[in-house]
Amino acid sequence: MRIPGTGGLCPVLVCLCFIQRAHGANHHLPARVLARNPGRNQSKLANGETEVHHRPKRGWIWNQFFVLEEHMGTEEQYVGKLHSNSDKGDGTVRYMLSGEGAGTIFRINEVTGDIHATRSLDREKKSHYVLHAQALDRHTEEALEPKSEFIIKVQDINDNAPQFPDGPFVATVPEMSDVGTSVLQVTAIDTDDPTYGNSARIVYSILQGQPYFSVDPKTGTIRTALANMDREAREHYIVVIQAKDMAGQVGGLSGSTIINVTLTDVNDNPPKFPQKNYQQYVPESAQVGKPVGKIKADDDDLGVNADIKYSIINSEGANMFSIATDKDTKEGIITLRKPLNYERKKTYTLHIEGTNTHADPRFSYLGSFKDTATLKITVGDVDETPVFSLDYYIMDVYENSPAGTEVGAVTARDPDSRNSPVRYYMDKKEADPVYFRIDELSGMIRTTQPLDREDAAWHNITVMASEVDNPGLLSYIPVTVQLLDVNDNAPQVAAADEKVIVCESTRAGQVIQTVGAVDKDDFANGQRFSFALPSQMPINPNFTLKDNEDSTASIVARRRRFNHLTQELYELPVVVWDSGEPSLSGTSTLTLHVCPCQRHGKIQMCQGEAFLSSAGLSTGALIAILLCIIILLAIVVLFVTLRRSKKEPLIISEEDIRENVVTYDDEGGGEEDTEAFDIIALRNPAAAEELKFRRDVRPEARQLRSGNGGGPRGRRSPSPQLDEVDVHEFIKQRLVEANMDTSGPPYDSLQTYAYEGQGSPTGSISPLDSPGTGAQSEKDYHDLDDWGPHFQRLAELYAEAELNMKT
């Protein structure tokens, strides 16, 4: 087989490989291979082609390659020719092609055996194709040659330019970096065959960014090429890098990318004040601790590299002012430390220094990273409020001092140069009673009434001062007044109301209790006390008092064997003196309780108070007892309720008689006693006929007076003759009145009426059965008016009774 050439060696070839297996055939296909470099068993033809002769032997496998240039066009490209020795040129042999791309990419002429590529071949998509060739008899379709396999290998040409798949790029590098500082490494990719020729051999170069940056042609590393690049002068750079294949030779393909390089900041610029001298006006009324001005130094750096610390470096300014840095604005805020006074000092000079807080030692050669400026502050004159001589006043005065007593004086002045007069006032906003007043001109404070230290030992007042020229400017000052104590309170026995226990087993001379004293006065006048029993009283036979001379006294028993059944309570008056000037005394009465005691160690207690504890009952036992009592009470209440609902008496008895015995124990008061109780009704029912009230209620005075019918010398008349029926009627009437009376007790009462018998010729010998009205007496009692003043009241009573009888 021979493949005609195209007049010389092609730069890129396609190889066709035939594989033929011997099947007992007696003939073989001679082969010619078009190759670049002739070798063994090769000979050059006249047209430059190389003919390769293979001398196949029977039964071995032989290959034949066809080399095809990578075709990028649209026209069909001639690949090669198949030829069999059985082909006599008469058209009886038909050539067939099968395998990858057969009929679509590769087409064969069945008569001549010529193979063409119908479309472009791209090695980057497919680098080789495996095909099968066969020669058949056109008439009988019998195989003239066994099927042979061959490979068409597509050899690469430089048809792909280098690319930067990750571009464009962003990079940073510190300003003022040294030459050769690495910025970024970029890498380009070429899809051509790196093993064939220089198609994929890339060389880097810089198209834009010089003279600031350079690139390594082999590695693509970008580096700084210029020293001392200053961010403050230029911050952003655009660098264009090119990658070219074919080792950068002419005709090679290239690709480029962009790198945006930014210079980052370093502290290479010291702070600088825009000017060296500043002026500031501050009124003298400026408040301490408040800002009065600000100053700022410029720094071209960024972030922490531009942080500045301000300070006042001269003592004149540092004593009156302070400065701090505002983190947001980078300004120095000047604050007043002490009050300004225009009259004392009108100007201040401040030397202010601004220093970087994050200095970089690499740039120390540039000098100190600080700057100074001078600020002159002018103090403005302001009409100020009056100024008191002290920040606060503490005064004192004795209690009980008369109204108008001087306590103390406050003074204030006008701090301005004109020195306006000052007037003083009390703050009227205070709700406390007015105990003090102040003189408007002198500032002297006086009391308005006597004050008691025991009510309030301290008084707080507020004094105001204003200028005559400008009354609206007020100053306030607190004044504290202390009341000094005088001995005006008598001492008393401490806890005089508490119970003092005297045990029945107390022995004579035994200390019962130790008492102290209290005094409302302060310790200076009342810390020492003396005790004694009242001297004007007789000697107490039961108790005495011993002064311990330490402001306490002991109660001592004089005798033994006290008995609470004989006398339970004793009173013991105690006199207490203080040590004040003058000394005052007070008397307190102590109550001593006598009771049996039980001794438990050093503790004594009454049996009544210690019943539970002495019984040794626990808390649980006490609770159980209380619960039982409550249950019993509930049962009793329930039983009473049920009995009442049945309306049955609680006590079943044949006779339920309740007596109401009224006892009258009235002793006569003589002739002048007109208030004695009238009991005539109990002896004489006829005399009490007109009385409509109960006999167990005291009658009125008028009725009492009218019941005495006879004079002191008159003879008593005989009792009226009443039959038995009158007495019975009288008792029945009293029974009805008792039943209807709502003022009496709710239970039945037994009233007893004693009636003296009738028919005695001598009459009654009892003075109580005299008629109760004057109508039953025939004696004239007008003579009583002549008996003297002792019988005047008796005459009036009889006259009144006679008048009532007539009416």
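**View A. A look at L633 on helix α4.** L633 sits in helix α4, which covers residues 619-645. This is a predicted model, so treat each view here as a close-up of a prediction. With a relative accessibility of 53%, L633 counts as exposed, because the cut-off for that label is over 50%. L633 also has company: together with I625, L626 and I629 it makes a nonpolar surface patch of about 380 Å².

**View B. The salt bridge between E76 and R107.** Here E76 pairs with R107, and their closest N and O atoms lie 2.9 Å apart. The two partners come from distant parts of the chain, 31 residues apart: E76 belongs to the loop between β3 (50-52) and β4 (77-81), while R107 belongs to strand β6 (residues 106-108). E76 is partly exposed at 41% relative accessible area, and R107 is partly exposed too, at 39%.

**View C. R453 with E454 and D485.** R453 is buried, with a relative accessible area of 14%. One salt bridge joins R453 to E454, with the closest N and O atoms 3.1 Å apart; E454 is partly exposed at 21%. Another joins R453 to D485, at 3.0 Å between the closest N and O atoms. This second pair links distant parts of the chain, 32 residues apart, with D485 in the loop between β32 (474-484) and β33 (492-493) and R453 in the loop between β30 (444-447) and β31 (458-467). D485 is buried, at 9% relative accessible area.

**View D. A salt-bridge network.** R231, E232, E235 and D265 are joined into one network by salt bridges that share partners. For the wider picture, the count comes to 17 salt bridges.

Definitions and conventions: Residues are numbered from 1 along each chain as its sequence is written. This is a predicted model: local features need pLDDT of at least 70, side-chain atom pairs count only at pLDDT 80 or more; totals for chains, interfaces and linings use all residues. Side-chain values use heavy atoms; hydrogens and water are left out. Patches are made of residues with over 30% relative accessible area and no salt bridge: like charges are joined within 9 Å, nonpolar side chains (Val, Leu, Ile, Met, Phe, Trp, Tyr) within 5 Å. Accessible areas come from the Shrake-Rupley method with a 1.4 Å probe; for residues, only the protein chains shown count as cover. A salt bridge is a side-chain nitrogen of Lys or Arg within 4 Å of a carboxyl oxygen of Asp or Glu. Helices (H or I, at least four residues) and strands (E, at least two) are DSSP runs, numbered from the N terminus. Buried means under 20% relative accessible area, exposed over 50%, partly exposed in between (1.4 Å probe, protein chains only).
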